[in-house]
Amino acid sequence: MLVLPSVLLIVVLSVAPLLAGLALAFTDARLVHTPHYSFVGVENFTKLAANSMFWASFRIGMVWAVSVTLLQLVAAMGLALLLNADLRLRGLARVLALIPWAMPPVVVSIMWRMIYSPNAGPLNALLGSIGLPNDINWLGSFTTALPAVIAVGVWVGMPQTTVTLLAGLQQVPPDTYEAAAIDGAGAWRRFTAVTVPSLRPIITSITSLNFIWNFNSFSLVYVLTEGGPGGQTMLPMLFTYIEAFQNRNIGYAAAMGVVLVVVVVALLGLYLWSQLRAEDKP
Amino acid sequence: MKTVHRMPLVAAAVAVLALAGCSSGGGNAATTGGATASGAAGASTPAGTPVTLTFQSLSDQPATIAATKKVVDSWNAANPDIQVQVVQASWDSINDKLTTQFAGGTAPDIIHDDAASIVSFASDGYLADLTGQMSQAKKDDIGKGLLASVTVDGKVIAYPTEVQSYMVFANKTLLDQAGVMIPTGDSMTWDQFRQIAKATTKNGVAGVGWGLKSPVATFMTLGLGSGGTYFDGTGTSATIHVGDGEMALPKLVHQMAYDDKSILPVTLTQSGSEALAAFYGGKVAMTVQGSYLAASMSKDAPAGFDWVVLPPLAGPDGAAQAADPQTLSVSADSKHVAQAVKFLEYFTSTDNLEAVNEADALIPATTSAQQAMAAKLGSQNGWDQILKSGKDFQSAPFLFVDKYAQWKSTVATPAFQKYLANQIDDAGLANALTSGWKQLG
C-alpha cells in the first residue's frame, strides 16, 4: 500500500508522457489548431533514416557529448585532487569552484558569448595583449565554433563532477596511501594504484550521468550559437526542438526523440556493462 | 540545466519524449478552447459589458513602445467598453513562443508578428478570418501587394502595419575621403554598390559591414531584384528552383567578400545590430541594414558621426524588395474578434500608423499614412530614400509556401552560412538548397 503513491507519481509524471511520446512517434501529428492525428506506422522512422541533416547533427552530438564528458572528467579530477590537498584557504576555493553550478545556463551562455565576442571580447583582447592573433571569430568560424562551445560545456559541468569526485576522494582511507608510500610508490603510482581503483564506481556513475546530461543538453548551445554557423554546432536536441516547435511536426520530432533515447540507452548499457565486468575482475 | 541534472536517470533520458507528450496534450486543450470560443463569438458579448483585449506587442524601440502606448491609451480613454491591455514581448524566438501559446490555449487576442511567420500559423488554423470584418476603405488603402501578403487561401488574416526594406547606410566622411560621389537618384545598382565598396576599402577600412548571420530573409527580400523568386506554386504543392536569378545576389556578396575583400569578414557571421558596431567604429564605410535602424541611428550614433542613407539597391530587374510586413492578427480562440477588429481599424488609421512607423523608421502599410509621412518628414534622417524603397514592394512567393519556415531554419540558413564562409561553392549552394528541400518530404 505504501508504495502506491510513489508509483502513481512516477506513472503520471514519467511513464505516461513517455508512452504518449512513443505513441506520437508513430503518427503524423502536427501542432495545428484542430489536430487530426492518424497512425502512419514506421513512416517517420523510414523518413528519418534518410534524413542526412539529422544524422549529421547526431554525429556532432556524439563528438560533443564524448569530448565534453572526457574533458570534464580529466579537469574535474585535477581540481578535486587539488581541493582535497591540505592547502590554505581550501574552504574558500571549494566554494569558488561551485560558482559555475550556481549560474543558470542562459546566463552562462550570454556571459561566454561576450567573452568570445570577436569585436570587443576580453578573450581576444587578452590574446592580443600577449602578441597572439586578436581577431579570432570564436563562435562564427567553422573551425573554432564547436571547440569553443565544448569549452563552455566543460566549464559549466565541472563543479558537480568535481564535488562528486571530491566526496569519493575523502572516502579513500589515508592508511592506503601511507602503505603505498612505505612500499616506495611515488605520487603518480599512488594515483594510478590507489586513487583510481578506489574511485572507479564513482567515475563510472558520474561519467555515465554526465554523458546523458551532455547528450541532452540544449539551452547552452541554443543561446550560444543556435546551432550555427552552417549547422556546425547543431546538437541532436536542438535539431529535434526546431522540428517540434518551429516546424511544428511533433510526430516526426517524437520519432527523433525515440531514436535518441534508444541510442543513448544502448551506449550506456554497453559502457556500464564493460565497467561492471572490469570491477568484477580486480 | 540544473533541474535536468537533478532528474532521475530515466526521466532525463526521456525528457524530449515528455516534452512531446505535453505538447500533444496542449494541442487537444487548444481544440476544446477553439470550440467554445467560436460559440461565444457567435453569441457575442452583450453591449455595455466591458471586455479586455490582450495585445502582445513586439515593438522594441523605446520610441515605438511610447507611440504604441499613446495609441492604446487614447483608445482606452474613448472606449471604456473595450479595454486594450498591452503585453510586451520580444521578436527573439517569437515564433517558438507563439507556437506554445497557441498549443497551450494562452494566445493573446491581438497578435503582432510578420507575414512570413504568420502565414503558416494561419494555414494551421490559429488565426481568425478577418475578410468580412476589415473595412473596404482599409483594404483599398493597404494596396494590392501588401494585402496579398496577408491573404491565405482567399482569407485576410492580418492587418499589415509596418514594412521593412533593406537600405544601405553610409559613413559620409569615409566616402568623401575615398573620393566617392554620394549616389543620388531613385536607385543604386548592385554594380554601383560594389564599386563604392571597392573604392572605400583601404587604410584598414572595409567597404561594407553586412550582418548576415541569419541570411535567408535578406536574400529572399533583395533577391527579387534579380528575379530570384525561389518558389513556384503555393501551399503544399510548391516547388523550388535555384537558377541564375536566385544565385545572383549570393554570388555578388561572395565576390565582394572573397574577390574584392570589400566586406569585413567577421560581420558576415554577426547579426545586423552586432555589425553596426563596426560601422559606428569607422571600420566599415557602409552597412546594409533594415530601414528601422535609421530611428536608432539618429539617436545612438557617436557624436559627429556623419551618416547618409543611399538610394534603394536595384538588381538587374529593378529595385523590387519582397513585402514581408509586420502584422496584427486576431487569435482564432479570441472571444472578442469583432471588438479586436474595431481596435485594429483604429490602430491602422492614417495618423496612428504614421506615428508608429515614424518612431520605428519603417514604411507604413497604407498609402494614406505613407503620404502623411512624406509630407511631414521630407528628407530628414534619410526618410526620402526609405520611402522611395517602399514603392517597389512585391508580394513574395515564399510567403505562401507551406514548408518555407521549415526550409529556412533547417536547410537554407546553414547552407547560406556555409556558402558565405566559403565552405561550399556556387554549385554546392544551389544543390544544398534544392536537395534539402526535397529531403523535407
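With which residue does B:Arg194 form a salt bridge? In this predicted model, the partner is B:Asp260, and the closest N and O atoms of the two residues are 2.7 Å apart. The pair ties together distant parts of the chain: B:Arg194 sits in helix H10 (residues 190-200) of chain B, whereas B:Asp260 belongs to the loop between helix H12 (244-258) and helix H13 (272-280), 66 residues apart. Both B:Arg194 and B:Asp260 are buried.

A salt bridge with another setting is found in helix H9 (residues 172-177) of chain B, which holds both B:Asp176 and B:Lys172. These two residues are four positions apart, about one turn of the helix, and their side chains meet at 3.3 Å, N to O. B:Asp176 is partly exposed, at 40% relative accessibility, and B:Lys172 is also partly exposed, with a relative accessible area of 27%.

Across all chains, the whole structure contains eight salt bridges. One of them brings together the side chains of B:Asp124 and A:Arg248, at 3.0 Å from N to O. B:Asp124 lies in the loop between helix H6 (115-123) and helix H7 (136-142) of chain B, and A:Arg248 in the loop between helix H12 (236-246) and helix H13 (250-280) of chain A, so this salt bridge joins two chains. With a relative accessible area of 11%, B:Asp124 is buried; A:Arg248 is buried too, at 4%. A network of salt bridges links these two residues with A:Arg30.

Turning to the nonpolar interior, the largest core comprises 198 residues, and those with the most contacts inside it are B:Phe193, B:Met286 and B:Trp407. At least three residues of this core come from each of domain 1 (50-161 + 326-365) and domain 2 (166-323 + 397-439) of chain B. Leaving aside residues up to four places away in sequence, B:Phe193 touches several residues, among them B:Val168, B:Trp210, B:Met286 and B:Leu313.

Chain A has 13 helices and zero strands. Its C-alpha trace spans about 75 × 65 × 35 Å along the principal axes. Of the 282 residues in chain A, 45% are buried. The accessible surface of chain A is about 14,000 Å², with 72% belonging to carbon and sulfur atoms.

A word on confidence is useful for chain B. Its mean pLDDT is 86, and 89% of its residues reach 70 or more. Over residues 1-45 of chain B, however, the pLDDT is below 50, although this stretch has 67 contacts in the model beyond near neighbours in sequence. Where pLDDT is low, predicted coordinates should not be read in detail.

Notes:
Residues are numbered from 1 along each chain as its sequence is written. Chains are lettered from A and ligands numbered from 1 in the order in which they are written. This is a predicted model: local features need pLDDT of at least 70, side-chain atom pairs count only at pLDDT 80 or more; totals for chains, interfaces and linings use all residues. Side-chain values use heavy atoms; hydrogens and water are left out. pLDDT is the predictor's confidence in each residue, from 0 to 100. Contact means heavy atoms within 4.5 Å. A nonpolar core is a set of buried Ala, Val, Leu, Ile, Met, Phe, Trp, Tyr and Cys residues joined through side-chain atoms within 4.5 Å. Buried means under 20% relative accessible area, exposed over 50%, partly exposed in between (1.4 Å probe, protein chains only). Domain bounds come from an automatic or database domain assignment. Accessible areas come from the Shrake-Rupley method with a 1.4 Å probe; for residues, only the protein chains shown count as cover. A salt bridge is a side-chain nitrogen of Lys or Arg within 4 Å of a carboxyl oxygen of Asp or Glu.
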